[in-house]
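This report describes selected features of one protein chain. It is meant to be read beside the sequence and the coordinates.

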Amino acid sequence: MKKNIILLVYLLSTQVFGQNLIQNANKKFGNQEWESAAKDYTEHLKKNGTDSSAWYSLAFCQMKMREYDKSIENFQKAKETNFNPVFVDFNLSKAYALKGDTQDMYSALESAAQNGLPTYTRLISDKEFEQYQDSDRFQKILKKVELNAYPCLSNSNFRHFDFWIGEWDVYANGRKAGVNSITKAKGGCAIHENYTTAGNYSGQSINFYSPVDKKWHQHWVGSSGDVYNYIETKREEGLLQFVSEFMGPQGSITLSRLTFTLNEDGTVRQLFESSSDDGKTWTPAFDGLYKRKN
């Protein structure tokens, strides 16, 4: 009985020691104490060789310590023990880059990109890749990673309204009515509008495709308090049409129809129409022509 108790105490103390060891290693890793953390990870892995996270962290420490061959070997062990291969390949590419092994760097980075690497800004900013950024092969990888990070850029539904993007002078009845700046949001999932006139009026809108109802939406707010929540009613190549309810100054509710049409010469027609009979008949309210600024 006494021997069993001693064995139990030994096993429990060993388990606690192991837990403390990996906790200390992770704490040192967070504090960027690379050498000390690496020693703890190495000790931990003597009895926990399937701990993929520890292999990955050890490899990362060794990369920071400029022990590139050991780092590469242990990144591979992290992959073999089922650590996320995208993260492994990304940091493998860094280790290869720091070692000066260009071909393996490209291969690891291409593998990461093909498997969904989304770290677009890291590829631009991380110093390990500075000397490669102007190469055609790196730019091809960068483009793939950009699409991984921002899937709207490659989705035709989100790109349908791109014909409206630009810096425009807006004309009505042959006279300049205002200027409009139409820009794509980072990632390409929304389009911003910033419209100003020579007078007091201005307004902004956000335009986006919703995968829920598979329609485009425009939310407009004008400086006079006018608010429209447009929803797509028609979509064709070079054409997008919306309808929204609108509350007038006296509180009456009417319908507003907004149609954008791309013309052959690159100009864009923006037609506002209103209806007070629930869409049975429509009356033109504003017929604008967008011309790109020189």
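The following paragraphs cover the sheet, a helix pair, a loop residue and the cysteines.

The structure is a predicted model.

**The barrel**

The strands form a closed barrel of 10, in the order 1-2-3-4-5-6-7-8-9-10, with antiparallel pairing. On average, and with direction ignored, neighbouring strands of this sheet are turned by 25° against each other. Three of the strand pairings are set out below.

| Strand pair | Sense | Bridges |
|---|---|---|
| Strand 3 and strand 4 (residues 202-210) | antiparallel | 6 bridges |
| Strand 7 (residues 239-247) and strand 8 (residues 253-262) | antiparallel | 9 bridges |
| Strand 8 and strand 9 (residues 268-275) | antiparallel | 8 bridges |

Between strand 3 and strand 4, Tyr195 has Gly203 in strand 4 as its bridge partner.

Strand 8 pairs with strand 7 and also with strand 9. Leu255 in strand 8 can be used to follow the register across these pairings: Glu245 stands opposite Leu255, and Ser275 in strand 9 is the bridge partner of Leu255. In a regular strand, side chains alternate between the two faces of the sheet.

Both pairings of strand 8 are made through hairpins. The hairpin of strand 7 and strand 8 has 5 residues between the strands, and Gly251 there takes a positive phi near 90°. The hairpin of strand 8 and strand 9 also has 5 residues between its strands, with Gly266 in the turn at a positive phi of about 90°.

**Helix 6 and helix 8**

How do helix 6 and helix 8 lie relative to each other? The axes of helix 6 (residues 102-114) and helix 8 come within 9 Å and cross at roughly 20°. Angles under 35 degrees count as roughly parallel, and the two helices are therefore roughly parallel to each other. The crossing of helix 6 past helix 8 is left-handed.

On the helix 6 side, the contact is made by Gln103, Tyr106, Ser107, Leu109, Glu110, Ala113 and Gln114. These meet Arg137, Phe138, Ile141, Lys144, Val145 and Asn148 in helix 8.

**Gln133**

Gln133 is located in the loop between helix 7 (120-125) and helix 8. Its relative accessibility is 19%, and buried means under 20%, so Gln133 counts as buried. Leaving aside residues up to four places away in sequence, Gln133 touches Leu123, Ile124, Ser125, Asp126, Phe138 and Gln139. One of these, Phe138, is also among the helix 8 residues that meet helix 6.

**Cysteines**

How many disulfides does a search of the whole structure find? The search finds 1 disulfide. It is formed by Cys152 and Cys189, with their sulfur atoms 2.0 Å apart. The pair links distant parts of the chain, 37 residues apart. Cys152 is in the loop between helix 8 (136-149) and helix 9 (156-159), while Cys189 is in the loop between strand 2 (175-184) and strand 3 (191-196). A disulfide is a covalent bond between the sulfur atoms of two cysteines.

Is this disulfide right-handed or left-handed? The torsion about the S-S bond of Cys152 and Cys189 is about 95°, so the disulfide is right-handed.

The two partners can be described by their accessibility. Cys152 counts as buried, at 6% relative accessibility, whereas Cys189 is partly exposed, with a relative accessible area of 34%. Cys61 has 0% relative accessibility and counts as buried.

Technical notes: Residues are numbered from 1 along each chain as its sequence is written. This is a predicted model: local features need pLDDT of at least 70, side-chain atom pairs count only at pLDDT 80 or more; totals for chains, interfaces and linings use all residues. Side-chain values use heavy atoms; hydrogens and water are left out. A disulfide is a pair of cysteine sulfur atoms within 2.5 Å. Helices (H or I, at least four residues) and strands (E, at least two) are DSSP runs, numbered from the N terminus. Buried means under 20% relative accessible area, exposed over 50%, partly exposed in between (1.4 Å probe, protein chains only). Two strands pair if DSSP finds at least two bridges between them. Axes are lines fitted to C-alpha atoms, for helices over the stretch in contact, and angles run from 0 to 180 degrees between N-to-C directions. Angles under 35 degrees count as roughly parallel, over 145 as roughly antiparallel, 65 to 115 as roughly perpendicular and the rest as oblique. A crossing is left-handed if the near helix is turned anticlockwise from the far one by less than a right angle, and right-handed if clockwise. Contact means heavy atoms within 4.5 Å.
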